[in-house]
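Ready to work through a few exercises? Have a look at the sequence and the 3D view first, then try each task before reading its solution.

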Amino acid sequence: MSEAMWTTVKEDLRGRIGRDSFRNWIEQMEFCGMTDQSANFSVPSKFFADWVERSFGQQIQSAFWDHGGKVVRLEFQINEVTAPAPVKEAPKIAAPSNDELPDLPSNTLDARYKFDRFVVGKSNELAFAAAKRVADGEGVNFNPLFLYSGVGLGKTHLMHAIAWGILERDPSKRVLFLSAEQFMYRFVQALRSKTMQDFKEIFRSVDVLLVDDVQFIAGKDSTQDEFFYTFNALVDQNKQIIISADRAPGDIEGIEDRIRSRLQWGLMVDIHPTDYELRLGILQSKAEFQLRDHPHLALEEGVLEFLAQRISSNVRVLEGSLTRLFAYADLTGKPVSLDLAYDILADILRVSKTKVTVEHIIKKTAEFNNIRVSDLIGARRTQAIARPRQMAMYLAKTLTTKSLPDIGRAFGGRDHTTVIHAVRKIEDLSRHDSEMAESLEALRRQLEA
Ligand code: ADP
Ligand code: MG
């Protein structure tokens with residue numbers, strides 16, 4: 001009974017705390033049942049226990065409560081022999097030619113994250129090309145390759161793809177993929193167990209090092225230092241390094257300048273939010289795989305277009321929606337239809353709608369019309385500025401729940417009657433002026449993306 005509960009709780013946590021943290025921490029905890037009101041776990045170390053308690057304790061407890069488990073405490077039993085690295089699918093790493101090379105920790109590469117499953121569009125083509133180059137290239141091209149973007153846009157997917165690509169070409173390559181969180185974890189473990197020498201040997205013996213979500217080391221000084229030494233040692237040996245982060249090196253707060261500048265040495269590529277076409281392409285590709293798994297299901301026309309239109313630019317959310325839809329259709333024997341999508345995805349559809357803020361609308365509308373935000377909300381009344389201003393007011397009225405006075409305030413303290421006037425004007429224009437109608441539609445799509 002409680003084992004089943006942990007399975008449910010775990011599923012829930014996967015969504016709450018993000019996949020990487022989930023893999024690094026939650027998935028490595030062994031559930032040993034409940035006593036009184038405490039949930040008991042076996043974990044690899046005291047450090048691990050402290051970390052989980054501090055970082056995810058609240059979330060774990062509340063997930064238990066959500067599923068009827070009255071848990072008020074987490075108890076950890078330390079089991080030093082549990083392997084710290086999660087193993088999903090470990091590619092074979094051939095024995096190193098030089099007997100003195102230390103064994104690498106197992107990679108946790110996901111077999112679905114290869115280049116052939118990555119759908120390329122305008123927003124990610126550069127990142128894709130750079131990743132391909134690194135995976136296919138002879139020698140070291142850019143060091144490091146630094147990939148950055150908001151969440152769920154394919155950084156981890158591309159990094160796995162690079163690792164797979166390199167290993168498929170040459171299985172003897174010593175490729176190590178890990179998250180910055182795992183790097184820190186290993187580093188702290190090594191300090192604690194006085195095995196720093198091993199740690200250094202391992203990290204300095206790789207041919208290719210991939211570190212995911214490097215922003216994680218911000219503010220963690222000794223981990224940063226060690227990362228810096230590792231980085232330099234590898235660059236000196238002309239070994240390829242690939243890094244990802246949720247923002248550009250210059251924007252990561254809490255990292256030392258010397259690291260920041262090192263990270264900027266190579267090639268920095270960002271992945272932009274997806275546009276409609278790419279979302280549709282991704283959905284089509286994922287639907288194909290879904291239909292392969294559920295060949296008896298009918299996918300009705302318009303469903304993918306609807307999802308591409310209405311769901312945010314985060315591909316993870318997009319993918320999750322599709323999976324949910326297919327799973328539900330499969331369980332109930334219904335076709336994958338628009339009705340079902342409305343039904344099953346109500347929460348997601350709502351979220352992508354309400355996320356639009358007036359500030360965001362102002363910024364995007366200014367960008368779209370090539371004018372400055374300060375002008376858009378400023379006093380100038382030339383048509384080149386007044387028209388975009390009215391568009392933005394119209395969008396604020398139709399896409400947010402803000403009141404007219406609130407909207408007026410956001411536009412440099414204007415009166416609500418000005419907003420009413422703007423809304424009417426744009427409504428009127430868009431009925432007769434197809435260019436205006438198209439611009440509004442394009443903007444709306446961008447905003448709801
Ligand atoms: P990030 O690391 O940037 O947060 P992920 O690489 O984890 O994002 O991507 C989230 C999910 O979306 C993954 O399942 C990934 O396979 C999928 N995904 C992202 N971009 C694409 C793409 N261009 N084509 C296919 N799948 C993608
Ligand atoms: Mg990621």
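**Exercise 1.** Find which exposed residues sit on the face of H20 turned away from its buried side.

*Solution.* Keep in mind that you're working with a predicted model.
- Start by locating the helix: H20 covers residues 434–448, which makes 15 residues. From its first C-alpha to its last it reaches 21 Å, close to the 21 Å expected at 1.5 Å a residue.
- Next, pick out the buried residues of H20, meaning those under 20% relative accessible area. They are Met436, Ser439, Leu440, Leu443, Leu447 and Glu448. These residues lie on the same side of H20, because they cover an arc of only 155° around the axis.
- Now turn to the face pointing away from that buried side: there you'll find the exposed residues Ser434, Glu435 and Glu438.

**Exercise 2.** Work out which side chains put an N or O atom at 3.1 Å, 3.3 Å and 2.8 Å from an atom of ligand 1.

*Solution.* Take the distances one by one.
- At 3.1 Å, an oxygen atom of ligand 1 is paired with an N or O atom in the side chain of tyrosine 113.
- At 3.3 Å, a nitrogen atom of the ligand faces an N or O atom in the side chain of asparagine 124.
- At 2.8 Å, the side chain of arginine 316 offers an N or O atom to an oxygen atom of ligand 1.

How much of ligand 1 does the protein bury? Taken alone, the ligand exposes 560 Å², and the protein buries 97% of that. Helices H5 (155–169), H10 (276–293) and H12 (315–332) are the elements that give two or more residues to the shell around it.

**Exercise 3.** Describe the residues that surround ligand 1.

*Solution.* Count first, then sort.
- The ligand is surrounded by 20 residues, and the closest are Val119, Gly152, Thr156, His157 and Glu319.
- Sorted by type, the shell has seven nonpolar, seven polar and six charged residues.

**Exercise 4.** Decide whether methionine 196 is buried or exposed.

*Solution.* Place the residue, then check its area.
- Methionine 196 belongs to helix H7, residues 196–204.
- Its relative accessible area is 18%, and the cut-off for buried is under 20%, so methionine 196 counts as buried.
- For a sense of its surroundings, methionine 196 and arginine 186 are 10 residues apart in sequence and 9.6 Å apart in space, C-alpha to C-alpha.

**Exercise 5.** Sum up the whole protein.

*Solution.* Zoom out.
- Its secondary structure comes to 20 helices and eight strands.
- Of its 449 residues, 51% are buried.
- The C-alpha trace spans about 75 × 55 × 45 Å along its principal axes.

Methods. Residues numbered from 1 in each chain as written. Chains lettered and ligands numbered in written order. Predicted model: local features only at pLDDT ≥ 70, side-chain atom pairs only at ≥ 80, totals over all residues. Heavy atoms only, no water. Helix = DSSP H or I, 4+ residues; strand = E, 2+ residues; numbered from the N terminus. Expected span 1.5 Å × (residues − 1). Buried < 20%, exposed > 50% of the residue type's maximum accessible area, 1.4 Å probe, protein only. Arc of directions from axis to C-beta. Near = heavy atom within 4 Å. Polar contact = N/O pair within 3.5 Å; in protein donor to acceptor, adjacent residues only side chain to side chain. Areas by Shrake-Rupley, 256 points an atom, 1.4 Å probe, with all protein chains shown as cover. Nonpolar A, V, L, I, M, F, W, Y, C, P; charged D, E, K, R; others polar.
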